[in-house]
Amino acid sequence: MGPVFIGILIILILLLIIRNIRVVQQANAYVIERLGAYSTTWGVGLHIKIPFIERVAKVVSLKEQVADFLPQPVITKDNVTMQIDTVVYFQITDPKLYTYGVEQPMLAIESLSATTLRNIIGDLELDQCLTSRDIINSKMRSILDEATDPWGIKVNRVELKNIIPPREIQDAMEKQMKAERERREAILRAEGEKRAAILTAEGEKESAILRADAKKQEQILEAQGEAEAILTVQKATAEGIRLLNEACPTDAVIKLRALEAFTAAADGKATKIIIPSEIQGLAGLAEGIVESVKE
């Protein structure tokens, strides 16, 4: 019986040791108590717990954790009651303080978040609450991080998930947004019409300028043509006079030319022509010559 008893005893001791072997995984920590008092904190690796003397008081996760709290009723500075729910990102930095610093740490963080949020929102009006989320988030993170230091918790980030104003406020905001969109649409339409009118006026102006330039060029060309025609006639007249002078014409020839000129001047249209006496005599002479020829 002795060897058997010893063998059973050894097996029981081995089983007891095996059952008290603990492997702490990555990003975890074990808070160990010895005879009811804090003893140590186990990190990652293999550990053996003393049976009946030591116990694992708490297994703590060192990962960043997210706490999504239910919407909290808050009142703004202008007495508007609305619902705001927050999301807190935190990480346990000291497992011992987390274990012994506060009872129910998550409930403590939720309550602290609600009271902090009420204090911050109470100093802001509704419009500021809707447009100053980043400021509210920063203030809450700073206050919560400082308050949770004795609990071994570090608050990394706080976000306002939803801001839900009363229904009548939402309706008023929707009407305001609709009116703002309509105002912007009217402004854009007016600017478009103004731009179109400006372009039309500029087009008409350019068209008028082009028409005026074309008419001006036409008048210039007509004037140049008339001037060239007059110059040509004058040159021809001067050339005729020059040739006539070179031919040394008699008085009879000159008078005959004058008669031809008056005949051309009348051209069948003149109603009354005053003929000098010299040309009248020349006309009589020409008539006598014609009659003698007929006889």
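Here is a walk through the sheet, the salt bridges and the aromatic contacts of this structure. Keep in mind along the way that the model is predicted.

Let's start with the strands. As background, strands of a sheet pair through backbone hydrogen bonds, either parallel or antiparallel. Here, three strands make up an open sheet, in the order E3-E2-E5, with antiparallel pairing. E3 and E5 are the edge strands, each pairing on one side only. Going from one strand to the next, the twist averages 25°. If you zoom in on E2 and E5, you'll find seven bridges joining these antiparallel strands. To pick out a bridge by eye, look for Ile-32, whose partner in E5 is Val-56.

Now stay with E2 and E5 and turn to their charged side chains. In general, side chains of opposite charge can pair when their charged atoms come close. Arg-55 makes a salt bridge with Glu-33, and their closest N and O atoms are 3.0 Å apart. This contact links distant parts of the chain, with Arg-55 in strand E5 (residues 54-61) and Glu-33 in strand E2 (residues 28-34), 22 residues apart. How exposed are the two partners? Glu-33 has a relative accessibility of 8%, so this residue counts as buried. Arg-55, at 45% relative accessibility, is partly exposed.

Glu-54 and Arg-34 also join E5 to E2. Their side chains meet in a salt bridge with an N to O distance of 2.4 Å. Glu-54 belongs to strand E5 and Arg-34 to strand E2, and the two are 20 residues apart, so to speak of them as a link between distant parts of the chain is fair. Glu-54 is the buried residue here, with a relative accessible area of 7%, while Arg-34 is partly exposed at 40% relative accessibility.

How many salt bridges are there altogether? The count comes to nine. Among them is a contact within helix H6 (residues 167-247), where Glu-185 and Arg-189 are four residues apart and therefore separated by about one helical turn. The closest N and O atoms of this salt bridge, Glu-185 to Arg-189, are 3.7 Å apart. Glu-185 is partly exposed, with a relative accessible area of 47%, and Arg-189 is partly exposed too, at 46% relative accessibility. Another place to look is the trio of Arg-141, Asp-145 and Lys-154, which salt bridges link in a network.

On to the rings. A pair of aromatic rings is described by the distance of the centres and the angle of the planes. Searching the whole structure turns up one aromatic pair. The ring centres of Tyr-38 and Tyr-100 lie 6.0 Å apart and their planes are at 80°, so this pair is edge-to-face. Where do these two tyrosines sit? Tyr-38 lies in strand E3 (residues 37-42) and Tyr-100 in helix H2 (residues 95-100), so the pair ties together parts that are 62 residues apart in sequence. Tyr-38 is partly exposed, with a relative accessible area of 31%, and Tyr-100 counts as partly exposed at 40% relative accessibility.

One last stop involves a ring and a charge. The charged end of Arg-157 sits over the ring of Tyr-89, at 4.1 Å from the ring centre.

Terms used
Residues numbered from 1 in each chain as written. Predicted model: local features only at pLDDT ≥ 70, side-chain atom pairs only at ≥ 80, totals over all residues. Heavy atoms only, no water. Phe/Tyr/Trp six-rings, centres within 6.5 Å; stacked < 30°, edge-to-face > 60°. Buried < 20%, exposed > 50% of the residue type's maximum accessible area, 1.4 Å probe, protein only. Lys NZ or Arg CZ within 6 Å of the ring centre and 35° of its normal. Salt bridge = Lys/Arg side-chain N within 4 Å of Asp/Glu carboxyl O. Pairing = 2+ DSSP bridges. Axes fitted to C-alpha atoms, helices over the stretch in contact; angles between N-to-C directions.
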